[in-house]
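Here's a friendly walk through one protein model. Have the structure open while you read, and follow along as each part comes up.

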Amino acid sequence: MNAITHLPPEWHNWIQENLARGCAPQSLIDDMVRNHFDPVFARAAVNGVMQGPFVAPTQTQAKSAHGYAYETPRLHAGNLIRTFDREVRVVTRMHRPMIAVLDGVLSAEECDELIRRSSDKMRRSTTVDPMTGKHEVIADRSSEGTFFTLNADPFIARLDRRISEVMNWPVENGEGLQILHYGIGGEYKPHYDYFPPEDPGSQVQMTIGGQRVSTMVMYLNEVEEGGTTIFPEIGLEVVPKQGSAVYFEYTNSNDQLDKLTLHGGSPVTRGEKWIVTKWMRQRRYGEAAA
């Protein structure tokens with residue numbers, strides 16, 4: 001029996017009633033899983049009901065408690081996203097914040113090829129220093145990584161095109177694919193992918209394409225234990241599955257930033273974890289502001 005990934009009205013009412021009675025959200029999630037709901041979907045459904053109903057911005061703009069105005073998502077609506085060479089299935093979708101779990105973004109062969117191409121050129125991962133804007137090694141990010149420049153060769157160009165069609169944003173606005181590898185104990189503590197405007201170093205980064213607007217993290221292998229992508233502000237945890245991805249948006253048309261997209265990578269406790277990440281910018285990457 002396939003796990004359930006839609007929320008019938010009676011289950012929506014059941015969640016509302018039990019939350020109103022003071023039931024713990026986790027107990028509701030556990031009950032839903034016992035009734036054959038997908039675990040990730042069950043968590044997203046309970047969190048969605050807790051946050052209130054979604055109203056499309058075409059009718060009235062949805063505004064969160066932290067001041068972020070939710071607009072029509074960039075991600076395509078529907079259960080399938082059709083690209084020039086592949087169909088990608090939407091497994092789970094949240095609206096506040098805008099997060100989606102996607103299946104079939106990459107084939108197993110493509111995942112293996114990315115790992116093969118990256119294995120011999122990995123370096124300790126860096127992050128952007130908030131004061132200088134330079135890339136620095138920090139203790140909170142215990143991984144190794146490498147980059148492929150945009151459209152580096154026909155194989156990478158095909159992936160860049162497909163990913164941009166899934167993310168529904170121009171391919172030229174994307175940063176190059178970043179490959180990351182985590183061994184036992186490897187983790188990335190919760191952080192934002194956007195550049196906090198109050199940090200002096202962010203201004204340096206935003207001179208080459210503007211603010212980041214969305215992220216897609218694609219999983220290249222099955223992780224034996226741990227290595228999940230966590231969103232601590234909303235209690236969401238995404239388990240790696242080869243070829244699948246988690247997508248999220250965090251910058252709207254008014255340059256507001258969604259703090260609910262705080263996320264991280266939990267420690268790998270058994271096996272290893274390989275991912276590839278795509279970040280999208282407001283403008284063509286490498287283009288300076290006018």
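## Two helices that cross

Let's start with a pair of helices in this predicted model. Helix α4 covers residues 108-118 and helix α5 covers residues 154-167; their axes come within 12 Å and cross at roughly 125°. That angle makes α4 oblique to α5, because an angle between 115 and 145 degrees is neither roughly perpendicular nor roughly antiparallel. Why bother with these two values? Two packed helices are described by the angle between their axes and the distance between the axes.

The crossing has a hand, too: α4 passes α5 in a left-handed way. Which residues of α4 meet α5? On the α4 side you'll find Glu110, Glu113, Leu114 and Arg117, and they meet Phe155, Ile156, Arg158, Leu159 and Arg162 in α5. Sorted by class, this contact has 5 charged residues, 4 nonpolar ones and no polar ones.

## Zooming out

Now for the whole protein, which has 6 helices and 19 strands. How much of the protein is buried? Of its 290 residues, 49% are buried, and for a residue to count as buried, its relative accessible area has to be under 20%.

What about the outside? The protein exposes about 13,500 Å², and carbon and sulfur atoms supply 51% of that area.

You can also ask how far apart along the chain the contacting residues sit. Take the contacts with a separation of 6 or more: 73% of them are between residues 24 or more positions apart.

## Unusual spots in the backbone

Here's some background for this part. Most residues other than glycine have a negative phi, and most peptide bonds are trans. A few places in this model go the other way.

One is the bond between arginine 96 and proline 97, which is a cis peptide bond with an omega of about 5°. To find proline 97, look in the loop between β4 (87-95) and β5 (98-103).

Next up is asparagine 151, which isn't a glycine but still has a positive phi of about 55°. Asparagine 151 sits in the loop between β9 (144-148) and α5, the helix you met above in its crossing with α4. Asparagine 151 is partly exposed, with a relative accessible area of 40%.

Aspartate 255 also has a positive phi without being a glycine, and here the value is near 65°. Where is aspartate 255? Check the loop between β16 (245-249) and β17 (263-265). With a relative accessible area of 51%, aspartate 255 counts as exposed, because the cut-off for exposed is over 50%.

Methods: Residues numbered from 1 in each chain as written. Predicted model: local features only at pLDDT ≥ 70, side-chain atom pairs only at ≥ 80, totals over all residues. Heavy atoms only, no water. Axes fitted to C-alpha atoms, helices over the stretch in contact; angles between N-to-C directions. Helix = DSSP H or I, 4+ residues; strand = E, 2+ residues; numbered from the N terminus. Parallel < 35°, antiparallel > 145°, perpendicular 65-115°, else oblique. Left-handed = near helix turned anticlockwise from the far one by under 90°. Contact = heavy atoms within 4.5 Å. Nonpolar A, V, L, I, M, F, W, Y, C, P; charged D, E, K, R; others polar. Buried < 20%, exposed > 50% of the residue type's maximum accessible area, 1.4 Å probe, protein only. Areas by Shrake-Rupley, 256 points an atom, 1.4 Å probe, with all protein chains shown as cover.
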